[in-house]
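Hi there,

Here is the structure I promised to pass on to you. Please open it alongside this message, and then read on for what turned up in it.

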Amino acid sequence: MKHPIAIALLGLVVSSGARAQEVVPEAERALVREVYRELVETDTTHSSGSTTRAAELVASRLREAGIPPADIAQLGPSPNKGNLVARLHGSGAEKPLVLLAHLDVVEAKRDDWSVDPFVLLEQGGYFYGRGTLDDKAMAAIFTTTFLRLAREHAPLRRDVILALTADEESGDANGVDWLLREHRDLVDGGLVLNEGGGGWMRQGKYLVLALQASEKTYMDYSVVVTDKGGHSSLPTPENAIYRLSAGLLRLQKLVFPVELNEVTRAFLQRAAVTESKGVAASMRALAANAKDAAAARRLSQEPRYNALIRTTCVATQVEAGHARNALPQRASANVNCRILPGHSAAEVRAAIVKALADPKLEVALDEKETAGPRASVDPEFLKTVERVSAQVFPGVPVVPTMSSGATDSKYFRIAGIPAYGVSGIFVDIDDVRAHGRDERIGVKQFYEGQEFLWRLVGELTASPR
Ligand SMILES: [Zn+2]
């Protein structure tokens with residue numbers, strides 16, 4: 001369906017006619033902005049907020065739009081941790097498409113911010129507010145995309161599931177984890193679109209569109225040494241603090257081997273265009289040959305590339321002693337690891353034990369073990385993203401990425417359902433404010449995200465006519 005609205009009205013740059021003329025109509029832009037405002041202005045922090053309230057706002061819009069109540073579920077494990085799951089019915093030729101966004105946000109103190117974090121403010125070309133970027137832009141865009149598909153009675157070749165969830169950032173009621181365990185039928189699908197991707201720009205220049213296809217596994221280990229202690233006026237050769245410290249210094253030298261997978265290899269090849277000549281050459285060299293030691297050494301100097309090509313472990317907290325005038329009875333450290341897909345927490349524990357090289361240092365896993373699934377990108381899906389990206393962002397390459405942090409996509413991937421981070425929202429890579437103060441997103445970039453996701457969802461769901 002064509003929407004011949006004047007492009008000038010939208011303030012979009014049309015480059016050399018390569019850009020397709022179809023755009024999201026003005027009414028859709030007004031609607032997404034209104035949903036976005038409601039969501040940002042609803043406190044969904046762990047401490048004082050409620051995702052249930054935000055879920056209810058969206059549910060009432062769905063009901064008003066005529067979505068049958070039987071297709072709208074509001075549910076969660078506790079009163080303030082509600083999730084919303086709604087469904088549009090397709091022909092069933094393909095497994096459902098899940099549009100996933102989390103409703104909760106990171107804490108924001110009014111005093112730390114220069115603006116009110118819980119008011120959507122448009123200023124100087126930006127939307128300000130907690131969650132404007134992470135992740136209420138996608139929540140609002142997916143909601144309006146879903147509403148528009150319903151309104152237009154678009155013939156769908158698969159069900160479309162809208163899932164807006166709790167506790168991605170913190171708390172112990174992660175909505176995706178809970179839904180997959182308790183109500184899998186509601187969110188079971190063949191493909192998930194989620195946060196974690198998006199565009200990277202620098203000073204207004206669009207560099208790449210990131211397609212997050214994989215992520216490292218987050219794992220904490222505790223290293224503990226205990227001792228009988230005693231009076232500090234009578235020191236002994238044995239001392240828990242020294243023993244732990246010596247072990248940690250050995251651990252500092254632990255460097256995991258370079259290992260590339262399908263996703264990181266593609267990343268190095270395609271993202272090289274965003275880098276200076278020297279770094280770009282190293283990226284291409286390592287992608288061509290993972291054993292290229294010189295290229296690996298060069299890239300390892302950059303924390304973000306070091307994290308891309310190997311598992312990392314680092315000491316993040318220490319705790320020791322119980323009194324100023326006593327020999328310590330206990331010293332412990334937290335070691336935080338980010339594990340490459342395909343490797344187990346037990347393997348990494350073994351590497352830590354070996355590096356510490358002291359049987360008196362006990363190493364324990366702080367979380368239940370879940371090895372990350374193998375990193376891969378479905379070539380058909382990649383092609384679809386590239387096709388849509390070429391329409392909206394001509395000339396900008398699509399780059400598969402692996403996050404060193406974690407998103408809710410991991411629960412779907414572990415459950416065997418492919419999940420990708422993709423949004424079409426460009427953010428300046430030197431000014432990322434997610435989780436920080438004065439979180440913001442470009443107004444133009446927000447509406448471009450709406451345009452991109454509308455087209456992408458269309459490609460992934462339209463029935464052949
Ligand atoms: Zn997020």
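Below are some notes on the metal site, the salt bridges, a cavity and a few backbone details.

First, some ground rules. This is a predicted model, in which local features need pLDDT of at least 70 and side-chain atom pairs count only at pLDDT 80 or more, while totals for chains, interfaces and linings use all residues. Residues are numbered from 1 along each chain as its sequence is written, and side-chain values use heavy atoms, with hydrogens and water left out.

**The zinc site**

The zinc ion is coordinated by His102 through NE2, by Asp134 through OD, and by Glu195 through OE, which is listed twice, at 1.8 to 2.6 Å. Donors here are N, O and S atoms within 2.8 Å of the metal (3.2 Å for Na, K and Ca), and water is not among the atoms, so sites may look incomplete. Along the chain, the donors follow the spacing H-x31-D-x60-E. His102 lies in strand S3 (residues 97-102) and Glu195 in the loop between strand S7 (191-194) and strand S8 (198-202), so this pair ties together parts that are 93 residues apart in sequence. Helices (H or I, at least four residues) and strands (E, at least two) are DSSP runs, numbered from the N terminus.

The four donor atoms make angles of 53 to 151° among themselves, and the site is classed as irregular. For that label, four donors count as tetrahedral if all angles lie between 85 and 135 degrees; four count as square planar and six as octahedral if opposite donors are over 155 degrees apart and all others between 65 and 115; anything else is irregular.

His102 is buried, with a relative accessible area of 1%, and Glu195 is buried as well, at 10%. Buried means under 20% relative accessible area, exposed over 50%, and partly exposed in between (1.4 Å probe, protein chains only).

The zinc ligand Asp134 also takes part in a backbone feature: a cis peptide bond joins Asp134 and Asp135, with omega about 10°. Asp135 sits in the loop between S5 and H4.

**Salt bridges**

The structure holds 30 salt bridges, each being a side-chain nitrogen of Lys or Arg within 4 Å of a carboxyl oxygen of Asp or Glu. One of them pairs Arg130 with Glu439, at 2.7 Å from N to O. Arg130 is in the loop between strand S5 (126-128) and helix H4 (136-151), and Glu439 is in the loop between strand S18 (426-428) and strand S19 (440-442), so the bridge ties together parts that are 309 residues apart in sequence. Arg130 is buried at 3% relative accessibility, and Glu439 is buried at 1%.

Another bridge links Glu152 and Arg148 at 3.0 Å, N to O. Here Arg148 is buried, with a relative accessible area of 2%, whereas Glu152 is partly exposed at 26%.

Asp177 and Arg181 form a bridge too, with their closest N and O atoms 3.4 Å apart. Both lie in helix H5 (residues 175-182), four residues apart, about one turn of the helix. Asp177 counts as buried at 19%, while Arg181 is exposed at 55%. Elsewhere, salt bridges that share partners join Glu34, Arg37 and Glu41 into one network.

**A cavity**

There are two cavities of 30 Å³ or more. A cavity is a set of points, on a 1 Å grid over the protein atoms alone, where a 1.4 Å probe fits but cannot get out, and lining residues have an atom within 4 Å of a point. Grid points are joined across faces, edges and corners, and a volume is the space filled by probe spheres set on the points.

The second largest cavity holds about 40 Å³ of space. Its lining includes Val24, Glu28, Gln450, Trp454 and Arg148, the last of which is the partner of Glu152 described above. H4 gives the most to this lining, with four residues.

**Two positive phi values**

Gln203 has phi near 50°, a positive value in a residue other than glycine. Gln203 is in the loop between S8 and strand S9 (205-215) and is exposed at 77%. Ala357, also not a glycine, has a positive phi of about 50° and lies in the loop between helix H12 (345-356) and strand S15 (362-365).

Best wishes

Terms used. 1 Å grid on protein atoms, 1.4 Å probe; cavity = no way out; pocket = protein on both sides within 12 Å on 5 of 7 lines; lining within 4 Å.
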